[in-house]
Amino acid sequence: MATYTASAVVTGGRAGHATTLDPAAEFNISAPAALGGTEDGYNPEQLFAVGWGACYQSALMAAAKEKRVNAMTIMKSQVRVNVTLTHEDTADLSAKIEVYIPDMELDQVQELVDLANTICPYSKATEGNIPVETVAVAQLD
């Protein structure tokens, strides 16, 4: 049985408009300038990065709970998801996920990053489909 289904209606592709249902949100979609867009809206890669980042952060919290890491430490964590669109022979996506947790050793953070990657539904969905790098970092610039 499905727990939740999100729905959105999109018209116009990368130069279009999107509406989500339950709750309703509306916004313009625009290609980035690098693809000749006007940047007067959000692009699909940004939206994918936001969704993946939120999901990954939740998976990181679950991993920390499993490893008995203090919840307050994890609440200070930051996850940056970089989604890259490459146009060469075909259009391809790749991603890099960077995780910063203050006051934790990088090897401990990497252990949580690796575990979160096995929990996050976005990570599971992309596994083997696109190149993904997951890395603990000493800081996010």
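**Figure 1. The hairpin of strands E4 and E5 in the predicted model.** Strands E4 and E5 form a hairpin in which 3 residues lie between the two strands. This structure is a predicted model. E4 covers residues 78-87 and E5 covers residues 91-100, and the two pair in the antiparallel sense over 10 bridges. Within this pairing, Gln78 has Tyr100 of E5 opposite. His87 belongs to strand E4. With a relative accessibility of 48%, His87 counts as partly exposed. The C-alpha atoms of His87 and Gln108 are 36 Å apart in space, although 21 residues separate the two in sequence.

**Figure 2. The parallel pairing of strands E5 and E6.** Strand E6 comprises residues 132-136 and runs parallel to E5, to which 5 bridges join it. Val99 and Ala136 of E6 stand opposite each other. In general, strands of a sheet pair through backbone hydrogen bonds, in either a parallel or an antiparallel manner. E5 thus appears in two pairings: with E4 in the antiparallel sense and with E6 in the parallel sense.

**Figure 3. The open sheet of strands E1, E2 and E3.** The sheet is open and is formed by 3 strands in the order E1-E2-E3, with antiparallel pairing. E1 (7-11) and E3 are the edge strands; each has a single partner strand, so one side of each lacks a neighbour in the sheet. From one strand to the next, the twist averages 15°. Between E1 and E2 (residues 17-21), the antiparallel pairing extends over 5 bridges. Ser7 has Leu21 as its bridge partner in E2.

**Figure 4. The hairpin of strands E2 and E3.** E2 and E3 run antiparallel and are joined by 4 bridges. One pair of opposite residues consists of Thr19 and Glu26, the latter in E3. The hairpin has 3 residues between its strands, and Asp22 takes a positive phi near 55° in this hairpin.

**Figure 5. The aromatic pair of Phe27 and Tyr42.** A search of the whole structure yields 3 aromatic pairs. For Phe27 and Tyr42, the ring centres are 5.9 Å apart and the planes stand at 80°, so this pair is edge-to-face. The pair links distant parts of the chain, with 15 residues separating its members: Phe27 lies in strand E3 (residues 25-28), and Tyr42 lies in the loop between E3 and helix H1 (44-66). Tyr42 has a relative accessible area of 47% and is partly exposed.

**Figure 6. The aromatic cluster that includes Phe48 and Trp52.** Phe48 and Trp52 form a tilted aromatic pair, with 5.3 Å from centre to centre and 50° between the planes. Both residues belong to helix H1, where they are 4 residues apart, about one turn of the helix. In general, an α-helix has 3.6 residues a turn, so residues three or four places apart point the same way. The two residues of the pair fall into separate burial classes: Phe48 is partly exposed at a relative accessible area of 24%, whereas Trp52 counts as buried at 0% relative accessibility. Together with Tyr122, Phe48 and Trp52 form one aromatic cluster.

**Figure 7. Helix H1 and its packing partners.** H1 consists of 23 residues and reaches 33 Å from its first C-alpha to its last, close to the 33 Å expected at 1.5 Å a residue. Its buried residues include Glu45, Ala49, Gly51, Trp52, Cys55, Tyr56, Gln57 and Leu60. The buried residues of H1 pack against strands E4, E5 and E6 as well as helices H2 (71-75), H3 (106-119) and H4 (121-126).

**Figure 8. The whole protein as context for the close-up views.** The secondary structure comprises 4 helices and 6 strands. Read from the N terminus, the order of the elements is β-β-β-α-α-β-β-α-α-β. Along the principal axes, the C-alpha atoms fill a box of roughly 45 × 40 × 30 Å. Of the 141 residues, 32% count as buried. Among contacts with a separation of 6 or more, 50% are accounted for by residues 24 or more positions apart. The protein exposes about 9100 Å², of which carbon and sulfur atoms supply 52%.

Key:
Residues numbered from 1 in each chain as written. Predicted model: local features only at pLDDT ≥ 70, side-chain atom pairs only at ≥ 80, totals over all residues. Heavy atoms only, no water. Phe/Tyr/Trp six-rings, centres within 6.5 Å; stacked < 30°, edge-to-face > 60°. Buried < 20%, exposed > 50% of the residue type's maximum accessible area, 1.4 Å probe, protein only. Pairing = 2+ DSSP bridges. Axes fitted to C-alpha atoms, helices over the stretch in contact; angles between N-to-C directions. Contact = heavy atoms within 4.5 Å. Areas by Shrake-Rupley, 256 points an atom, 1.4 Å probe, with all protein chains shown as cover. Expected span 1.5 Å × (residues − 1).
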